[in-house]
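Please take the sequence and the model together and follow the description below from one site to the next. It begins with a single loop and then widens to the packing of the fold.

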Amino acid sequence: MFANNLKIICESLNFWGYINLDPKQEYFNPQGFAAIDESLFKITGLRINSISLKEITGLGKPLYERPKEISLSNDSDWKTALKIKRNKRLIFFACLDNNFSKKDVDNKLIPFIEKYFQLFYDSFDSYSIEWNTAEPGVDYTFKSLLKHHRNYRSCGNNCLTTEKYNTPIESIFKDELIKRKIEFEEQVVFPVRGKKFTKPDFVIRDCNILIYCDGATYHSNSERITMDKQQDRWLQIYGYYPFRYTGSEILANVKVCVDQLEALIKRVKKSRK
């Protein structure tokens, strides 16, 4: 039987992966997480982006996030998809450089897993490795995987970011955030049990603020309004601050909208001192 109370997300510039195991007790601390990150980087070139404690909503309670001063490696030529299973259960997944061999898995990656992570042994323990290397024009499975990982990258707290063109009201709001030098992330997807739970337009990560720029047509529907309110309540329960602005508010005076946002940012930061 496996214990798996954490979500460990790994990433490089173009791909993301995960480790589906809990660290051993001696590494279950900030220093231990950092040691795991450094060891993983030396072996694969991947960095641990975040470690989150699983919650009922799937949003996750953050335990570790990659320090901003640590940069990610450029992996634009990585073409090997690797899956490691233990007793038929997927415990490791990542896209790696073609120079990474099956010998490296046996000599480096498996020892790394056994050193840092909890493995519950029984008489039938066994590893299996699925190795998928791209060949141009042949391997359509890998091409699909490549597209997926370039479009969806981890951003911490068990969430994913996706690239998307801004709507007019989002562009106006974004310009004001940039003007005031407010750090934010765009189009963050929070999954629950593998399905999208919510995707705010902007996220102020260090304050857990989720910002939605709601268009009148889509969000004026009575069913959609109810769903938005239910969603907001769940987010509030788990320590997030959902902020919704209508298109008419933004168009009328975006500065007032961001004034309110800045007031909340100051209040959250003051409460943490």
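Asn-208, in this predicted model, has a relative accessibility of 21%, and because buried means under 20% and exposed over 50%, it counts as partly exposed. The residue lies in the loop between S13 and S14, and although it is not a glycine, Asn-208 has a positive phi of about 60 degrees. The loop that joins strand S13 (202–204) to strand S14 (209–214) also holds Arg-205, which is charged, yet counts as buried because its relative accessibility of 14% is under the 20% limit. Arg-205 and Tyr-240 are 35 residues apart in sequence, while their C-alpha atoms are 9.7 Å apart in space.

A positive phi of about 60 degrees is found again at Lys-181, which is likewise not a glycine. Lys-181 sits in the loop that runs between helix H4 (168–179) and strand S10 (185–186), and with a relative accessible area of 75% it is exposed, because that value is over 50%.

The cysteines can be taken next. Cys-10 has a relative accessible area of 0% and is therefore buried, and Cys-207, also with a relative accessible area of 0%, is therefore buried too. The structure holds zero disulfides.

Turning to the whole chain, the protein contains seven helices and 15 strands, and 45% of its 273 residues count as buried. Among the contacts in the protein with a separation of 6 or more, 64% are accounted for by residues 24 or more positions apart.

How do the axes of helix H1 and helix H2 cross, and which residues meet there? The axes of helix H1 (residues 30–44) and helix H2 (residues 102–116) come within 10 Å and cross at roughly 175 degrees, and because angles over 145 degrees count as roughly antiparallel, this is how H1 is placed relative to H2. On the H1 side the contact is formed by Ala-35, Ile-36, Ser-39, Leu-40, Ile-43 and Thr-44, and on the H2 side by Lys-108, Leu-109, Phe-112 and Tyr-116. Sorted by character, the residues of this contact of H1 with H2 are seven nonpolar, two polar and one charged.

Both helices also take part in the largest nonpolar core, which has 29 residues and in which Ile-19, Ile-84, Phe-92 and Phe-112 are those with the most contacts inside it. At least two residues of this core are supplied by each of strand S1 (6–11), H1, strand S3 (47–53), strand S5 (80–86), strand S6 (89–96) and H2, and H2 gives the most, with six residues. The surroundings of Ile-84 can be followed in detail: leaving aside residues up to four places away in sequence, Ile-84 touches Arg-89, Leu-90, Ile-91, Phe-92, Val-105, Leu-109, Ile-110, Ile-113, Tyr-127 and Ser-128. A second, separate core has 19 residues, and Ile-211, Ile-250, Leu-264 and Val-268 are included in it.

Conventions:
Residues numbered from 1 in each chain as written. Predicted model: local features only at pLDDT ≥ 70, side-chain atom pairs only at ≥ 80, totals over all residues. Heavy atoms only, no water. Disulfide = S-S within 2.5 Å. Buried < 20%, exposed > 50% of the residue type's maximum accessible area, 1.4 Å probe, protein only. Axes fitted to C-alpha atoms, helices over the stretch in contact; angles between N-to-C directions. Helix = DSSP H or I, 4+ residues; strand = E, 2+ residues; numbered from the N terminus. Parallel < 35°, antiparallel > 145°, perpendicular 65-115°, else oblique. Contact = heavy atoms within 4.5 Å. Core = buried A, V, L, I, M, F, W, Y, C linked by side-chain atoms within 4.5 Å.
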